[in-house]
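Biologist: Could you take me through one part of this model, the place where the two protein chains meet, and tell me what runs across it?

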Number of protein chains: 2
Amino acid sequence: MPTMNLKELASKLGLSPTTVSRALNGYPEVNETTRDRVMAAAKRHNYRPNARAIRLATGRAMAVGHVMSGLTRNEIMNPIFADFIAGAGEVYSQNGYDMMLSVVSNDSEEAAYRDLASRGAVDGVIVHSVKRHDPRIKVLSDIGLPAVFHGRATGTEAAYNWVDVNNRRAFLRATEFLLDLGHRRIALVNGLEYMDFAIRRRTGYTDALAARGMTADPALMVSDEMTELSGYRAAAQMLDLPDPPTAFLAASMLSGMGVRRAIEARGLQIGRDVSVILFDDDLSYLRNGEDVPIFTATRSSVRHAGRLAAQMVLDLIAAPDTAPRTHLLEAELIIGQSTGPLVHGGAGHADPL
Amino acid sequence: MPTMNLKELASKLGLSPTTVSRALNGYPEVNETTRDRVMAAAKRHNYRPNARAIRLATGRAMAVGHVMSGLTRNEIMNPIFADFIAGAGEVYSQNGYDMMLSVVSNDSEEAAYRDLASRGAVDGVIVHSVKRHDPRIKVLSDIGLPAVFHGRATGTEAAYNWVDVNNRRAFLRATEFLLDLGHRRIALVNGLEYMDFAIRRRTGYTDALAARGMTADPALMVSDEMTELSGYRAAAQMLDLPDPPTAFLAASMLSGMGVRRAIEARGLQIGRDVSVILFDDDLSYLRNGEDVPIFTATRSSVRHAGRLAAQMVLDLIAAPDTAPRTHLLEAELIIGQSTGPLVHGGAGHADPL
DNA sequence: CACAGGTCCTAAAACGTTTACGCAAGCGCC
DNA sequence: GGCGCTTGCGTAAACGTTTTAGGACCTGTG
């Protein structure tokens, strides 16, 4: 008796498969006492309806697809992927859906979506790492597959479903916070600016400066991969300028850690001599301290974003022809030990009072 | 014409569904010219056979399951998960398999496997984060679902399929390397020792010491989560000992980065005053330098392990009743800039020659 | 000429569910 | 007592493939 199926269970009960199916799925047209009998028997023989048959019979895949691309050797994988997936997966599990992950090379991501759709392997997808003018928006709209984008695409006019953090506002607030502390030379260690969120963060930064009649110094703006090494190099170079920054905005925990290292390597103390604010995605393996945050940060849980996006795609699957939905999350500004008021004399230049 | 199906395609061609199916699937009993006709028509109408129907008809799920657990708030997610998944996914894609990811709470992982199996949602699974005496080995053996474990389980006598790195040998070699450089006070900043790999690494470390007639100093051994902060704290505490270590073995890039910070915070130079070797899983977002490695490290690509495990589970699905397979990977010892010969005077204690 | 053995194709039965439709019994009501 | 409604169940047809069992037609051979 490897796998009990509906027909067999029905015959054991002296009922038709129909009635058993209806009993298990909570349909009203079945006597409560028979329903109990069926339920009990199903539990006793630990019957679980075959997922493959359900999918065929109902015409629904009961699955959501996630495509993971960017596998060409020199391109970095998205470090937030795992946490986002974890959040989304929670929601799928709770709703009886499966998560289907496709790993493809960078140039065949579009084909992957078409494939998932035409094979009927998923009922919807979530799209990761949205870029400016992202072509995947049009592709998925053409395919007609319910899709939720994690991030917005600057330069796209068409409407689409997205979940995003207010990246502009996060970095606007962070910049204002530093300005209020007296800092004037504020550096931006940004992510690669074909990524949409990086563009918006820079806008927040420049807008905050502009609001005080200031303009960003190109020498204090860097855009690169968000690694520790990259953050270190950017900060090291800037700190060696004749007029170095007194504060940094870093795009991630990792780049912020690199910035910290460059600062400390110069004998400067973070939070006193140089301030640092970073964007904290609240990744489970890159916690910003334990009880009390170490870095002052704009924080927004990417896992929570995953949950929201998953719920959105499930809603979309249930009601496909509704108007596009959007969900803009606000990052919180949490105060850690990495920021402080501007001290005169600035970074690394001992002031000969 | 939303989705073209086999019957419709067959009628367009004036053939039976059987013949079309056989033509597309490369069966020999079909004329080559008709096969070409079928192929062309399939491409023209971009027909893709419905995955749900295939799965039901063949009785195979054409999918492999991965269960992601450890979602209770205070437990850390496995940072290597994404890279491992990426490697495995490559192999699935190439072989026409799908990857099914289940995200469940820690205490329902066993139920998740039973569920995947009895619903017929997957043909096999890969099990992550193997622990000592791992109960999942017995569970999956009872279920009778092909399973490959990423890691071995110390204390389990039953045979099972696994892919693992030779963690003991990696840390044995690393310790020997440090001993050869003259270091005698070598600290171990290990991962949590209910994880199997952490146990084996400690064994490698103590064995190397024992081979030279030395014994490990408990004050120089720490076992904790593999975060930057945890690495920093462990190293900071040890460096403040009256007889501090002159070299560190760290369990991951992140903990190694924490160790580095503690070293540099004391004005010591890594590679000159204090040596560090870490275990580098070659994660795509935590690269150990770009062209030239920064840390001396024992390196083994977890992505490659993912590929091997995936191939193994596919082989197992194809031939379920073969003897258990195992694959032990050797980590390479790569020389970076974080190690050097012991300088007399030791860490942080200026030698008054 | 009969027959064996390819070659190429079709009809129909799987696979295990869901669901449209139908039907019998029971009940209340005029 | 006939009519309509409700309750509880069964029959059978889907869903879109694969696969089993054949069958028609040709070709070569004795």
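Modeller: One bit of vocabulary before we zoom in: two strands count as paired if DSSP finds at least two bridges between them. Keep in mind, too, that this is a predicted model.

Start right at the join. Strand β2 of chain A, residues 98–103, pairs with β2(B) in the antiparallel sense, over three bridges. If you want a spot to click on, try A:Met99, which stands opposite B:Leu101 in β2(B).

Now follow the strands outward from there. That pair sits within an open sheet of 12 strands, with mixed pairing. Reading across, the order is β11(A)-β5(A)-β4(A)-β3(A)-β1(A)-β2(A)-β2(B)-β1(B)-β3(B)-β4(B)-β5(B)-β11(B). The edges are β11 (326–329) of chain A and β11 (326–329) of chain B, each of which pairs on one side only. From one strand to the next, the twist averages 20 degrees. Inside chain A, β1 (residues 63–68) and β3 (residues 124–127) pair in the parallel sense over three bridges, and A:His66 has A:Ile126 in β3(A) as its bridge partner.

Helices lie against this sheet as well. On the chain B side, α6(B) packs on it and touches β1 (63–68), β2 and β3 (124–127) of that chain, its direction making about 165 degrees with that of β1(B). Helix α12 of chain B, residues 302–318, also packs on the sheet, touching β1, β3, β4 (147–150), β5 (161–165) and β11 of chain B. The direction of α12 makes about 170 degrees with that of β5(B).

What about symmetry? Chain B can be laid on chain A with an RMSD of 0.1 Å by a turn of 180 degrees and a shift of 0.0 Å along the axis. The two copies are therefore related as by a two-fold rotation axis. In chain B, B:Met100 has the C-alpha nearest that axis, 2.4 Å away. Both copies use the same surface, since 100% of the contact residues of chain B recur in chain A.

As for the whole interface, 46 residues of chain B are in contact with 47 of chain A. On the chain B side, α4, α5 (81–94), β2 (98–103), α6 (109–118), α10 (228–239) and α11 (253–265) each supply at least two residues. The most come from α5(B), with eight residues. Sorted by class, that side of chain B has 23 nonpolar, 11 polar and 12 charged residues.

Note on methods
Residues are numbered from 1 along each chain as its sequence is written. Chains are lettered from A and ligands numbered from 1 in the order in which they are written. This is a predicted model: local features need pLDDT of at least 70, side-chain atom pairs count only at pLDDT 80 or more; totals for chains, interfaces and linings use all residues. Copies are superposed by least squares on the C-alpha atoms of residues with pLDDT of at least 70 in both. Two residues are in contact if their C-beta atoms, placed from the backbone, lie within 7 Å. Helices (H or I, at least four residues) and strands (E, at least two) are DSSP runs, numbered from the N terminus. Ala, Val, Leu, Ile, Met, Phe, Trp, Tyr, Cys and Pro count as nonpolar, Asp, Glu, Lys and Arg as charged, and the others, Gly among them, as polar. Axes are lines fitted to C-alpha atoms, for helices over the stretch in contact, and angles run from 0 to 180 degrees between N-to-C directions.
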